[in-house]
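Subject: Structure for you to look at

Dear colleague,

Here is the structure I promised to pass on, followed by an account of what was found in it. Please keep it open while you read.

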Amino acid sequence: MNNQNTKKRMFPVITQTLKMHPVVIVLLALIVIFGSIYPGRFFSPINLKSILRQFVTLTLFALGPSFVVLTGRLDLSYVGIWMLGGVLVWLFKPILGIFSIIMIPIVGIATGLFIGVIQTKARIPSFILTLSLLVTYTGLSALLAGGYPRAVEGYEFITAPLIPLIPTTFLLTIPIIAAAIFLMKYTRICVYLNAIGSNEEGAQLAGINVDKYKILAFTLSGVFTGIGAIVLFQHLGGSAQMELKLNTIVWPLVAIVLGGTPLTGGSGGPQRTLLGAITFTIFYRGLYLSALHPTMVTLLVGVLLIASIIVSARGLKGVTVT
Amino acid sequence: MIQEKLMTRPKLSLEWLRSNMTTVGPFIFVIAVVVIFQLINPFFLSYQGIITLVYAMSYFLIAACGLTFVILTGSFDFSVPSVLRLSALICVMYIEKIGLLVIPLTLVVCLGIGFINGLLLAKFKVPSFLATLGISIVLEGIAWYLSKGHLALMHNETFRSLATSFIAGFPSTLYWGIGVWIICTFLALATAFGRRTYAVGGNLEGAGLSDINVARHRIYVFMLSGFLSGLAGILYMSQMGGGSVRIGADMAIPLFASVVAGGTALTGGVGGPHRTLLGVIIITWIQAGMAMLAIGQDVQMMTFGLIAIGMSIATIDRKRIKIIK
């Protein structure tokens with residue numbers, strides 16, 4: 001009896017989830033497809049570990065910008081925060097010792113606040129502002145580091161293995177994810193950011209201090225990227241990188257859109273980005289195992305980005321897109 | 001009376017200057033750039049220096065003109081450098097097989113890419129910045145596939161002479177650049193196409209209500225941008241004589257900066273290709289001037305990033321648009 005009841009309750013939950021997150025179907029389909037094509041290799045411990053590692057990279061880059069995308073804006077500065085922060089860690093190492101790692105969150109917070117204030121007060125489109133800032137940061141990091149990557153030692157404990165088969169960085173990511181979910185579920189920020197994203201004028205008329213929450217969204221993005229970049233710094237090699245690659249900019253965006261946060265804003269958020277990140281990772285690792293040329297994989301990622309945006313933009317009738 | 005006149009005159013001229021800042025500003029900027037570089041480097045305006053400047057700005061001007069049309073409609077085309085790279089690589093890869101027929105082939109391919117960009121924006125409601133970003137990734141994959149990552153050299157002399165034969169003391173690429181610029185200016189200021197572009201950028205809904213087929217026009221504008229990027233790529237390959245997948249790698253921000261530095265606002269509807277000439281002169285002359293002084297890529301990137309931010313703040317039309325995303 002009891003069992004039947006739970007069954008009855010289970011089905012609506014499942015259909016509801018599938019309706020809300022169509023990407024779950026894609027995720028399951030990808031696992032089934034790749035799992036049946038390469039049964040041995042896809043579920044091998046090495047591949048699962050790589051999936052977790054790549055999931056960490058994507059999530060930490062994509063979590064912060066999700067707050068901004070929720071308001072209908074874009075924040076592309078994440079790679080810049082990671083690069084400039086890394087160079088500053090190297091630069092301040094002789095002075096601050098091991099604590100020079102705090103330069104990364106400082107850069108993150110400062111960048112987020114700066115972007116927020118400029119975007120709301122000077123009113124220029126966020127994507128071009130953050131893109132220009134990203135390029136400026138790349139130039140600045142290359143200038144400070146003298147043009148080539150600088151390795152920094154002393155932070156190996158971040159990636160030191162604790163539990164076999166599970167990367168330590170994944171364990172460090174869990175509290176960051178939890179913080180993001182806490183902000184979205186138990187504070188008013190979620191409601192306000194959603195309101196701004198779906199109808200900014202309406203939000204203003206309803207008495208929400210729109211400018212304040214927009215600046216908050218950008219600052220939160222900077223904070224999450226800054227804290228995440230501490231882990232990423234060691235996770236991605238423990239050195240400051242100089243070269244700006246289009247891929248590193250685009251992958252987190254794919255994760256955000258794939259997760260179900262439309263770029264026009266108003267629904268979704270960081271919690272959904274996790275879903276997008278894991279889907280993208282499995283998509284990528286599956287293609288990586290195949291015989292496809294790496295350039296074809298790049299090409300397919302671009303197609304995936306466009307396709308996911310088209311799917312997420314369905315049903316937007318009255319919105320003008322520029 | 002006289003005293004009053006004297007009192008009001010400086011105030012008036014200041015007001016005039018302020019209201020026409022986006023027109024006068026670029027001129028002042030150009031003069032400042034020339035004076036500063038000439039003071040540091042006496043060879044800046046020598047004959048050899050000017051030839052360098054001309055080579056740096058001509059293909060850039062063509063690509064920037066295409067981007068100007070897109071920005072005039074309020075959209076953005078991130079794929080200009082990628083289309084330029086693809087066009088240059090198609091030229092160098094297929095010239096041995098099909099000869100000079102490669103030029104029309106390249107232009108058709110680039111028109112097609114522009115068409116896809118426009119279609120994604122106008123029909124599928126993908127924001128143009130992200131649509132073109134996605135297309136850029138796809139084109140990067142294709143460029144790697146075409147070139148296999150190698151440096152390819154152009155051996156066809158006829159093709160090389162397209163941009164490098166000297167006419168009246170200047171390389172022919174200058175005449176291509178200026179010619180395209182004049183055509184674009186004519187197109188923007190004196191034709192129905194140009195009026196529609198301004199209308200779409202100024203007020204999208206209003207343009208739709210006044211019987212302009214907005215979706216079709218947006219596709220046309222992106223096709224124009226793709227075509228001009230392709231032409232710029234052909235001239236680039238002709239003047240450089242070779243290249244790899246690194247072509248145009250850091251071009252997106254300088255290109256954008258040159259359009260806004262000329263006085264075309266990101267919100268659309270203000271500015272035009274006629275202004276882009278000055279913007280291109282500012283950006284490419286700074287670039288070439290820094291290169292002549294052996295200032296590295298890092299400082300250049302920083303400069304252009306900051307110019308892009310500063311110029312977007314200076315030119316944007318805040319009164320007209322309430323919400324900027």
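Two residues are taken to be in contact if their C-beta atoms, placed from the backbone, lie within 7 Å. In this sense B:Ala257 touches B:Ile283, B:Phe304, B:Ile307, B:Ala308 and B:Met311, leaving aside residues up to four places away in sequence.

This is a predicted model, in which local features need pLDDT of at least 70 and side-chain atom pairs count only at pLDDT 80 or more, while totals for chains, interfaces and linings use all residues. Residues are numbered from 1 along each chain as its sequence is written, and chains are lettered from A and ligands numbered from 1 in the order in which they are written.

B:Ala257 also belongs to the largest nonpolar core (a set of buried Ala, Val, Leu, Ile, Met, Phe, Trp, Tyr and Cys residues joined through C-beta atoms within 7 Å). A residue counts as buried if 20 or more other C-beta atoms lie within 10 Å of its own. Of the 185 residues in this core, A:Val254, A:Leu305, B:Ile62, B:Ala63 and B:Ala257 touch the most other members, and helix H3 (residues 47-72) of chain B gives the most to the core, with 16 residues. Helices here are DSSP runs of H or I with at least four residues, strands are runs of E with at least two, and both are numbered from the N terminus.

Turning to the chains themselves, chain A comes to 14 helices and two strands, and chain B has 14 helices and four strands. Buried residues make up 48% of the 322 residues in chain A and 50% of the 325 residues of chain B.

Where the chains meet, the contact takes 42 residues from chain A and 45 residues from chain B. On the side of chain A that touches chain B, the elements that give two or more residues are helix H7 (126-145), helix H10 (200-205), helix H12 (246-259) and helix H14, with the largest share, 14 residues, coming from H7(A).

Helix H5 (residues 102-122) of chain B has 21 residues and reaches 30 Å from its first C-alpha to its last, close to the 30 Å expected (1.5 Å times one less than its number of residues). Its buried residues, including B:Val102, B:Ile103 and B:Cys110, pack against helix H14 (294-312) of chain A together with helix H4 (80-98), helix H6 (128-147) and helix H11 (214-240) of chain B.

With best regards

Terms used. A residue is buried if 20 or more other C-beta atoms lie within 10 Å of its own, exposed if 12 or fewer, and partly exposed in between; C-beta atoms are placed from the backbone.
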